[in-house]
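Subject: Structure handover

Hello,

Here is the structure I promised to pass on. Please open it alongside this note, and then read on for what turned up.

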Amino acid sequence: MTTYTARPVDPTVLKELRSADDAGRGMVPALDEEGGAPLRCCLRRSEPGERIALVSYAPLRRWAAETGAEPGPYDEQGPVFIHAEECAGPAAGSGYPFADAHRVLRRYSAEGHILGGELVDALDDEAVRRAFADPSVVLVHVRAVEYGCFFYEVRRA
């Protein structure tokens, strides 16, 4: 049986983003007074009082650099929250984080081209299996509906 893994931003990439983000800007840490920001480094919401940063991240570009894909105009960058300092990453077996609201599952080919997407009411195993039902899908981005922000990628394990 195929399993799927929600993947946070890689620790090596996080180190780079803390120096200069994918738009070339330096990180500006801030104290999160209220908490609740979706952190892409550990796939959980921030707690009040944590130091976080909002950085520009190009997930498909980073994936393409790993795989040799050429996403062309499908390459995009957008804002993501991360811890301002290194963190422990996600808890083991955390399933599909940020599943508490409508999400868009955007599907990509091995070339990095969008193969479609689906608005889901519940982010669960069934929704992810549907996203990977087409064998040409190699990568799925989980995104927010309101702003289209990237939450994390899902790959076959």
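Which residue follows H2, and is its phi positive or negative? Gly68 comes after H2, and its phi is positive, near 85°. Before the rest, please note that this is a predicted model.

**The five-stranded sheet**

One open sheet holds 5 strands, in the order E1-E10-E9-E7-E8, and the pairing is antiparallel. E1 and strand E8 (114-120) sit at the edges, and each pairs on one side only. On average, neighbouring strands here are turned by 25° against each other, direction ignored. Inside the sheet, 6 bridges link E7 and E9 in the antiparallel sense. Within that pairing, look for Arg103, which stands opposite Ala144 in E9.

Helix H2 (residues 59-67) packs on this sheet. H2 touches E7, E9 and E10, and its direction makes about 165° with that of E9. Several H2 residues are buried: Pro59, Leu60, Arg62, Trp63 and Ala64. Their cover includes helix H1 (11-19), E5, E7, E9 and E10.

**Arg106**

Arg106 belongs to strand E7 (residues 103-108). Is Arg106 buried or exposed? Its relative accessible area is 19%, and the cut-off for buried is under 20%, so Arg106 counts as buried. Its side chain makes a polar contact with the side chain of Tyr108, at 3.2 Å. Beyond its neighbours within four places in sequence, Arg106 is in contact with Glu76, Ile114, Gly116, Gly117, Leu139, Val140, His141 and Arg143.

**The cores**

A general point first. Nonpolar side chains tend to be buried together in soluble globular proteins.

The largest nonpolar core in this model has 20 residues. Leu105, Tyr152 and Val154 have the most contacts inside that core. E1, H3, E9 and E10 are the elements that give two or more residues to this core. Val154 is worth a click. Leaving out residues up to four places away in sequence, Val154 touches Tyr4, Thr5, Ala6, Val128, Phe132, Leu139, Val140 and Val142. There is also a second, separate core of 17 residues. Among its members are Leu14, Cys42, Ile82 and Ala84.

**Aromatic pairs**

How many aromatic pairs are there? The count comes to 3. Two of them are described here.

Start with Tyr4 and Phe132. Their ring centres are 4.8 Å apart and their planes lie at 20°. Planes under 30 degrees apart count as stacked, so this pair is stacked. Tyr4 is in strand E1 (residues 4-7), while Phe132 is in the loop between helix H3 (125-131) and strand E9 (139-144). The pair therefore ties together parts that are 128 residues apart in sequence. Tyr4 counts as buried, at 18% relative accessibility. Phe132 counts as buried too, at 4%.

Next come Tyr57 and Phe150. Here the ring centres are 5.6 Å apart, and the planes are at 55°, so the pair is tilted. Tyr57 lies in strand E5 (residues 51-57) and Phe150 in strand E10 (residues 150-156). This pair therefore ties together parts that are 93 residues apart in sequence. Both Tyr57 and Phe150 are buried.

**E5 and its partners**

E5 is mostly covered, with 5 of its 7 residues buried. Which strands does E5 join through bridges? Strand E2 (residues 30-31) is joined to E5 by 2 bridges, and the two run antiparallel. There, Leu31 has Arg51 of E5 as its bridge partner. Strand E6 (residues 78-83) is joined to E5 by 6 bridges, again antiparallel. There, the bridge partner of Tyr57 is Gly78 in E6.

Gly78 also comes up from another direction. Its C-alpha is 9.8 Å from that of Tyr147, although the two residues are 69 apart in sequence. Tyr147 is in the loop between E9 and E10. Is Tyr147 buried or exposed? At 74% relative accessibility, Tyr147 counts as exposed.

That is the handover.

Best wishes

Conventions
Residues numbered from 1 in each chain as written. Predicted model: local features only at pLDDT ≥ 70, side-chain atom pairs only at ≥ 80, totals over all residues. Heavy atoms only, no water. Phe/Tyr/Trp six-rings, centres within 6.5 Å; stacked < 30°, edge-to-face > 60°. Helix = DSSP H or I, 4+ residues; strand = E, 2+ residues; numbered from the N terminus. Buried < 20%, exposed > 50% of the residue type's maximum accessible area, 1.4 Å probe, protein only. Polar contact = N/O pair within 3.5 Å; in protein donor to acceptor, adjacent residues only side chain to side chain. Contact = heavy atoms within 4.5 Å. Pairing = 2+ DSSP bridges. Axes fitted to C-alpha atoms, helices over the stretch in contact; angles between N-to-C directions. Core = buried A, V, L, I, M, F, W, Y, C linked by side-chain atoms within 4.5 Å.
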